Amino acid sequence: MAHDIFALVDCNSFYASCEKVFNPQLADKPVGILSNNDGIIVALSPELKRLGITRGTPGFKIDKQLIRKHDIKIFSSNYALYGDMSNRVMQTLTQFTPDIEIYSIDEAFLSLSGFEYLNFSDYGRKIRDTVWKWTGLPVSIGIGPTKTLAKVANRFAKKHSFIENVFDITDHPNKDKILRWIEVEHIWGVGRQYAKMLRRNGIENAFQLSQAPDKWVQNKMTIMGLRMVKELRGISCIDLEMDIEPKKEIVSSRSFGTPVTEFRDMQEATAAHCTRAVKKLRTEKQVASQITVFLTTNRFKNEPQYANYATARLPLPSAYTPDFLKAASKILKNLFRPGYKYKKTGVMISDIMNQSKAPLDLFEPTYLDDHRKTIMDCMDDINEKMGSGKLTYAATGIKQPWQMKREKLTPGYTTSWSHIPVVKAC
Ligand SMILES: [Mg+2]
């Protein structure tokens with residue numbers, strides 16, 4: 001029987017690395033990325049970690065002197081850049097196998113089953129070098145006979161620089177030793193509660209867990225826990241999840257940079273969220289027939305509170321932005337109450353299906369068979385060429401004073417033509 005073999009490819013310090021790709025001056029600098037509205041540090045480069053800064057530190061709390069001394073660079077989250085770089089990494093990975101599960105923005109499982117004639121470590125190094133060459137991003141690769149062991153191998157590869165970021169744990173002579181080094185908290189699929197329970201029962205590392213009796217594991221951690229333990233023993237129980245189910249809903253929402261009190265600002269923000277969500281729907285070749293708008297004040301502030309939402313249905317599934325804008329505007333007029341300081345608004349699109357499965361209608365032209373699809377495709381094309389947001393709806397406003405705070409935002413190096421770095425050769 002052919003063995004399963006998996007590789008977990010994970011970008012190192014993904015957000016910080018993305019910033020470094022387009023700004024060579026950052027190469028050895030400590031780099032930190034802030035959360036929405038420039039709140040806390042959510043991602044750090046290894047140089048910043050070494051200075052003792054941790055995830056979750058509020059940006060403003062970092063010592064000014066430390067910043068000056070080590071030339072620390074702090075940036076707002078540049079989601080357009082990270083999303084685009086993520087796509088590039090995933091595209092690159094599909095060169096190496098068709099069987100790929102995109103696990104998160106910076107992680108993917110690859111199945112290498114059927115490639116047994118290769119030396120997996122060599123293949124891993126080739127993947128690492130290609131991603132580096134094509135995207136400028138460093139990755140770590142863990143290889144193993146199960147997804148859980150590939151995760152273990154990946155962690156080991158990251159923590160030990162002599163391995164140069166590629167490690168195959170399959171048949172490795174020190175496999176048990178490595179499993180002993182993995183604490184229960186760091187095993188894929190073990191949450192905080194399970195970790196506590198395991199430690200209470202004297203199980204502190206992955207090796208000990210792999211030796212626990214099946215019955216005990218199933219009793220304490222259900223059948224899912226047993227699958228995980230079998231995976232630690234090298235028996236593959238968790239397959240790649242490649243069939244991407246259509247999303248159940250698409251949400252676009254964000255806190256305002258400063259509280260919003262005016263209906264007009266609220267209307268613009270809602271329209272902008274609506275535009276973004278419907279664009280996403282089209283990117284995934286889907287249509288939807290339900291839209292929900294919600295808004296809320298800041299419940300942590302000692303001021304009058306109000307939160308509400310409402311839903312509307314479209315007559316037919318659509319991906320035509322104006323259909324949704326019209327519905328959203330109608331909902332908002334009913335929801336909005338003057339006299340409050342709003343913190344957030346958002347739009348959720350639901351009842352989603354693939355465009356190919358949309359029902360036909362005898363009396364009304366559907367999204368696919370009239371001019372609406374052509375107009376949308378045209379608009380998406382222009383925005384792709386000219387930079388996203390170049391062509392948009394007046395309803396989303398021009399100045400957008402409600403936008404979230406992103407004072408330290410880097411350019412959209414890869415998503416906007418006007419931000420492309422210029423190289424001068426002398
Ligand atoms: Mg990562």
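Which residue in β3 does Gly-32 stand opposite? In this predicted model, Gly-32 stands opposite Leu-44 in β3. The structure is a prediction, in which local features need pLDDT of at least 70 and side-chain atom pairs count only at pLDDT 80 or more, while totals for chains, interfaces and linings use all residues. Residues are numbered from 1 along each chain as its sequence is written, and side-chain values use heavy atoms, with hydrogens and water left out.

Strand β2 covers residues 31–34, where strands (E, at least two residues) and helices (H or I, at least four residues) are DSSP runs numbered from the N terminus. Strand β3 (residues 41–44) pairs with β2 in the antiparallel sense over three bridges, two strands being paired if DSSP finds at least two bridges between them. The two strands β2 and β3 form a hairpin with six residues between them, and in the turn Asn-37 has a positive phi of about 55°. Strand β4 (residues 73–75) also pairs with β2, here in the parallel sense and over three bridges, and the bridge partner of Gly-32 in β4 is Ile-74. From β2, Val-31 and Ile-33 point one way and Gly-32 and Leu-34 the other way, and all are buried, a term that means under 20% relative accessible area, with exposed over 50% and partly exposed in between (1.4 Å probe, protein chains only).

Further along the chain, an open sheet is formed by four strands in the order β9-β12-β10-β11, with antiparallel pairing. Because β9 (249–260) and β11 (307–318) stand at the edges with a single partner strand each, one side of each is left without a neighbour in the sheet. From one strand to the next, the twist averages 15°. Within this sheet, β10 (residues 286–297) and β12 (residues 342–354) run antiparallel and are joined by eleven bridges, and Thr-297 stands opposite Tyr-342 in β12. Helix α11 (residues 263–283) lies across β9, β10, β11 and β12, running at about 25° to β12; axes are lines fitted to C-alpha atoms, for helices over the stretch in contact, and angles run from 0 to 180 degrees between N-to-C directions.

The loop between β10 and β11 contains Asn-298, which counts as buried because its relative accessibility is 15%. Asn-298 touches Gln-305, Lys-341 and Lys-343, not counting residues up to four places away in sequence, where contact means heavy atoms within 4.5 Å. The side chain of Asn-298 also reaches the backbone nitrogen of Phe-300 at 3.0 Å.

Definitions and conventions. A polar contact is a pair of N or O atoms within 3.5 Å; within protein, one must be able to donate a hydrogen and the other to accept it, and residues adjacent in sequence count only if both atoms are side-chain atoms.
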